[in-house]
Amino acid sequence: MTTPRPRPEVLEISPYVGGEATLEGINRVIKLSSNEGAFGVPPGAQEAYRRLASELYRYPDGGALEVRRAIGARFGLDPARIVCGNGSDDLIEQLCMAYGGHGRDILMTEHGFLVYQIAGINAGSRVIKTRERNLTADVDAILAAVSPSIRLCFLANPNNPTGSMLPYEEVARLRAGLPQEVLLVLDAAYAEYVGRPDYDPGVRLVNETDNTVMTRTFSKIFGLGGMRIGWAYGPPAVIDVINRVRPPFNVSLAAQAAAIAALAEPGWVEKGRAHNAEYRPKLAAGLQAAGIKVWPSEGNFVLADFATAARSEAADAHLRRRGVIARPVGAYGLPHCLRITVGTAEEVQAVIDALTEFMSGPHA
Ligand SMILES: *Cc1c(COP(=O)(O)O)cnc(C)c1O
């Protein structure tokens with residue numbers, strides 16, 4: 001018997017490992033491993049999902065027109081320049097398949113979001129990672145890595161798992177320095193959490209150029225990670241390309257309805273943002289008081305730096321014994337760090353208590 005073989009590069013891909021959700025022997029797990037919002041699902045989205053149960057035999061609108069209109073109204077964008085995906089991961093994948101390929105390579109940064117690497121290699125591209133400075137994308141390093149084979153450049157802003165961000169001026173300098181034929185993809189999954197006035201999620205550059213795309217998601221502040229829906233805003237030509245290659249019904253009926261309801265939920269985003277603005281600094285301060293280095297973050301998570309991989313692993317094991325699941329980020333080249341989502345007030349306190357205990361114990 002012979003097993004059919006994929007293209008050789010496919011076997012170079014390490015499967016993406018998502019945040020764990022269960023701990024053996026512990027009933028009430030505090031899951032802080034996937035940056036889901038602290039408040040669960042918007043009530044209106046739950047209601048919309050339930051109401052749909054009897055309609056599930058129908059195909060969804062393949063063009064997701066109502067959702068695109070709702071997104072457009074909410075963010076002041078033209079729905080014709082929006083395309084929805086089965087999570088923003090789907091759109092990243094479609095962009096790589098359409099604009100990447102053999103001899104059409106991809107730039108991303110050293111500790112950038114790993115989906116870019118997986119999608120890029122699968123498309124047949126080489127994925128080149130550029131050095132960061134202080135766990136922050138370095139525009140000069142990215143520009144220095146440009147060669148005639150580069151066709152795509154991914155920047156998560158803010159980045160996961162580091163939490164670092166580039167101000168608008170730096171992103172604009174990146175765009176201006178990249179060749180015209182390089183598509184710049186600005187992944188703004190955490191845009192709603194950013195408080196800095198010098199930030200732009202990508203809308204400005206999409207409007208001002210023909211070669212920049214922004215991706216967004218309903219998985220984080222909108223509380224719909226399990227539904228799988230994200231969107232891209234881009235130049236008409238790029239939106240047209242994605243619409244040619246994406247699966248025709250890539251966003252389910254339920255996901256479309258839940259997203260529309262989540263956008264309409266009164267005060268939802270404001271509540272999530274206010275909570276994060278209060279508890280992200282509290283979490284960081286609590287860990288710092290325990291003697292742990294915490295990197296500055298603009299997302300709904302922090303990166304706790306334990307200096308060595310062994311100490312980070314021991315901290316992770318200690319958290320697990322206390323029922324807390326954080327995210328080890330060795331796959332991101334950060335084996336000495338744990339990424340911890342900003343949960344509810346109680347969850348934040350539980351993390352601080354557990355790690356304070358760890359730091360005063362024998363394994364710290
Ligand atoms: C969570 C996250 C996403 C969102 O992915 P979905 O497929 O929309 O759930 C995209 N980019 C980054 C950097 C993320 O952290």
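Begin by selecting Y190 and the ligand: a polar side-chain atom of Y190 lies 2.7 Å from an oxygen atom of the ligand. This is a polar contact, that is, a pair of N or O atoms within 3.5 Å; within protein, one must be able to donate a hydrogen and the other to accept it, and residues adjacent in sequence count only if both atoms are side-chain atoms. The model is predicted: local features need pLDDT of at least 70, side-chain atom pairs count only at pLDDT 80 or more, and totals for chains, interfaces and linings use all residues. Residues are numbered from 1 along each chain as its sequence is written, and side-chain values use heavy atoms, with hydrogens and water left out.

**The ligand site**

Next, select S219, where a polar side-chain atom is placed 2.6 Å from an oxygen atom of the ligand. Add K220, whose side chain has an N or O atom 3.2 Å from a ligand oxygen atom. To display the full surroundings of the ligand, extend the selection to G87, S88, D89, F113, N160, D187, A189, Y190, T217, S219, K220 and R228; a residue is listed if one of its heavy atoms lies within 4 Å of the ligand.

**Two cis peptide bonds**

From the ligand, centre on N160, one of the surrounding residues. A cis peptide bond joins N160 to P161, with omega about 15°. Then select N157 and P158, also joined by a cis peptide bond, here with omega about 0°. P158 belongs to the loop between β7 (150–156) and α6 (168–177), and P161 is likewise in the loop between β7 and α6. Helices (H or I, at least four residues) and strands (E, at least two) are DSSP runs, numbered from the N terminus.

**A salt bridge**

Select E192 and R216, whose side chains form a salt bridge with an N to O distance of 3.1 Å. The pair links distant parts of the chain, 24 residues apart: E192 is in the loop between β8 (183–187) and α7 (203–208), and R216 is in strand β9 (residues 212–217). The term denotes a side-chain nitrogen of Lys or Arg within 4 Å of a carboxyl oxygen of Asp or Glu. A search of the whole structure finds 17 salt bridges.

**The two domains**

Now colour by domain: domain 1 comprises 8–31 + 268–359, and domain 2 comprises 53–264, with bounds from an automatic or database domain assignment. Their C-alpha centres lie 25 Å apart. At the interface, 26 residues of domain 1 are in contact with 31 residues of domain 2, contact meaning heavy atoms within 4.5 Å. Across this interface the rule finds 0 salt bridges, while 9 residue pairs are in polar contact, both at pLDDT 80 or more. On the side of domain 1 that touches domain 2, select α10 (268–289), β12 (301–305) and β15 (334–341), the elements that give two or more residues. Of these, α10 gives the most, with 6 residues.

**Two further stops**

Select A257 in helix α9 (residues 253–264). Apart from its neighbours within four places in sequence, A257 is in contact with A48 and L52. Add G272 and draw the C-alpha to C-alpha distance: A257 and G272 are 21 Å apart in space and 15 residues apart in sequence.

Finish at A64, in the loop between α1 (43–51) and α2 (65–75). A64 has a positive phi of about 50°, although it is not a glycine.
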